[in-house]
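Got your viewer open and a coffee within reach? Here's a short walk with a few stops, and at each one there's something to select.

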Amino acid sequence: MLALRMQRALTASGRPTPSVAVMIVDLDHFKEINDTLGHHVGDELIAAVAARLSGAVRTDDTVARLGGDEFAVLAPGVDAAEMVMLAERMTKALDDPFTVQGVRLDVQASIGLALSPDHGSDGETLLQRADVALYTAKERRGCYAIYQPENDEHTPERLALLGDLRRGIDANELVVYYQPKCDSRTGQIVGVEALVRWRHPKHGLLMPDEFIPTAENTGLIEPLTMEVLRQSVTDSTRWRAAGIHLQVAVNLSVRHLTNLDLPGHIAEILTEHDVPPNMLTLEVTESTIMADPTRAVTVLAMLREQGIALATDDFGTGYSSLSYLRRLAVDELKIDRSFVSRMATDEHDAVIVRSTIELGHNLGLRVVAEGVETEEIWRRLLPLGCDVVQGYYISHPVPAAELERWLFALPGATAGTSGTLTPRAMRSECA
Ligand code: C2E
Ligand code: CA
Ligand code: CA
């Protein structure tokens, strides 16, 4: 029906009202809702969103579902300003929370906009360009973006990356950077988080956001993670030989937690390099766990039995159940950087950080604050009893060689100094 109406609108145009708007509306975080609350809740939410979108457009407009949480909207006879107004109306229509099966859900959407004849004269081109605009809108979250030809330039590159990752892994182009985690009281480095980068021969240094989603969708996340593990374990062996014992944290993706072979594979890598399992921490996000909680609990329990430590990453951002925190028996809780980095300027975030530290401690967990961007944030975390700090103020993620320059040049950094030091002194203790 959408295709038919698009064709009709586009061929009918030409005289008084030449332009036709094609928009793609995509819900933010829908997958998380689906994974966490189940498909029946997801389905009902989609239907409720559809009803609100249809109510927000004019009678001549068409709202069609493209699939999943994606809708297309066709609005004939509008100019650019009217198209933007329509997009704003749709965004506004989603403002009030939805209640689905007794659960209150806040839903945001991103919208990509394209207009004929400027951005194309056939339905297929307009849809494709609205999709490119959607990609731009997604990066900013909860807003709309109008198609711009320069956005397009990145798209084919991204598509090319897809086919290229396999080659990149085989060609050893993945590099692990390390970000220190410090004892918040002494400033002593107690561990590092391994964060992968891709040194691409043509595109330069690519950040994980640019290729991890692809890796997750194509099954390449398994070899990727194994490569990150191998590099981190090899590097930590070198540090240990120099007398520096650092806990190394590696991030896991959702797919790993459904793989019952994972614990065995990790054990092999550890044995191969003669690294004790308690030197390794695996970081998993709430949504990773909630995707398939039963299986995740099994896999995580197997890992923990081997003596590997577990951390819940980005805590506070997902729809998780607190009871899983107990069932999983994790060792560490990492408060999401969005709360931490704003705690000095936003009272609500400060309250969330304080309560989360308390919750973690009541459950017997070590609490890590990530996103410590300033000395002031570090200072505020101290009286709250936060155990470990991580963030740009202490150090950005750096290559192994640079970390080693730090570690080896300043043995005091790992000597376990205690006593009250000003945060700056603590920083130089770390640096
Ligand atoms: P994450 O696990 O939450 O990692 C922390 C991210 O926060 C890193 O981004 C780090 O550079 C950034 N960060 C550190 N300190 C600060 C700060 O003070 N302020 C702010 N604003 N940000 C800070 P990065 O390296 O770009 O990694 C992004 C995400 O990619 C990671 O988030 C993680 O989810 C994923 N990732 C990275 N490496 C791997 C990997 O080897 N495997 C998997 N599965 N995911 C990975
Ligand atoms: Ca992490
Ligand atoms: Ca995190």
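Start by selecting Q390: is Q390 buried or exposed? Keep in mind as you click that this is a predicted model. Q390 turns out to be buried, because its relative accessible area is 2% and the cut-off for buried is under 20%. You'll find Q390 in strand β16, which runs over residues 388-390. Now show what touches it. Beyond its neighbours within four places in sequence, Q390 is in contact with Q179, P180, K181, E193, K334, V368, A369, E370, G371 and V372. Keep E193 and E370 highlighted, since both come back at the metal stops: E193 is a donor to the calcium ion that is ligand 2, and E370 is a donor to the calcium ion that is ligand 3.

**Stop two: the first calcium**

Select ligand 2, a calcium ion, and look at its protein donors. They are E193 (OE), N251 (OD1), E283 (OE) and D313 (OD), at 2.2 to 2.3 Å from the ion. Along the sequence, these donor residues are spaced E-x57-N-x31-E-x29-D. Pick out N251 and D313 to see how the site links distant parts of the chain: N251 is in strand β11 (residues 247-251), D313 is in strand β13, and the two are 62 residues apart. How does the burial of this pair work out, buried or partly exposed? N251 is partly exposed, with a relative accessible area of 27%, while D313 counts as buried at 6%.

**Stop three: the second calcium**

Leave D313 selected and add ligand 3. The two calcium ions, ligand 3 and ligand 2, are 3.9 Å apart, with D313 coordinating both. For ligand 3, the protein donors are D313 (OD), D314 (OD) and E370, which is listed twice through OE, at 2.2 to 2.5 Å. The spacing of these donors along the chain is D-D-x55-E. Like D313, D314 is buried.

**Stop four: ligand 1**

Now bring up ligand 1 and show what surrounds it. There are 23 residues around it, and the closest are Q179, R197, R337, E373 and Y392. Q179 should look familiar, as one of the contacts of Q390.

Zoom in on the polar side chains next:

- R197: an N or O atom of its side chain is 2.8 Å from an oxygen atom of ligand 1.
- D313: one of its polar side-chain atoms sits 3.0 Å from a ligand 1 oxygen.
- D314: here a polar side-chain atom is 3.2 Å from an oxygen of ligand 1.

Switch on a surface if you like: on its own ligand 1 has 800 Å² of accessible area, and the protein covers 87% of that.

Which elements build the shell? Colour β9 (189-200), α8 (208-218), α9 (221-241) and β13 (309-315), each of which supplies at least two of its residues. β9 gives the most, with 4 residues. By type, the shell around ligand 1 divides into 10 nonpolar, 5 polar and 8 charged residues.

**Last stop: zoom out**

Go back to a cartoon of the whole protein. Its secondary structure comes to 18 helices and 17 strands. Of the 431 residues, 50% are buried. Counting contacts between residues at least 6 apart in sequence, 69% join residues at least 24 apart. On the outside, the protein exposes about 19800 Å², with carbon and sulfur atoms supplying 51% of that.

Technical notes: Residues are numbered from 1 along each chain as its sequence is written. Chains are lettered from A and ligands numbered from 1 in the order in which they are written. This is a predicted model: local features need pLDDT of at least 70, side-chain atom pairs count only at pLDDT 80 or more; totals for chains, interfaces and linings use all residues. Side-chain values use heavy atoms; hydrogens and water are left out. A residue is near a molecule or strand if one of its heavy atoms lies within 4 Å of it. A polar contact is a pair of N or O atoms within 3.5 Å; within protein, one must be able to donate a hydrogen and the other to accept it, and residues adjacent in sequence count only if both atoms are side-chain atoms. Accessible areas come from the Shrake-Rupley method with a 1.4 Å probe; for residues, only the protein chains shown count as cover. Ala, Val, Leu, Ile, Met, Phe, Trp, Tyr, Cys and Pro count as nonpolar, Asp, Glu, Lys and Arg as charged, and the others, Gly among them, as polar. Donors are N, O and S atoms within 2.8 Å of the metal (3.2 Å for Na, K and Ca); water is not among the atoms, so sites may look incomplete. Buried means under 20% relative accessible area, exposed over 50%, partly exposed in between (1.4 Å probe, protein chains only). Contact means heavy atoms within 4.5 Å.
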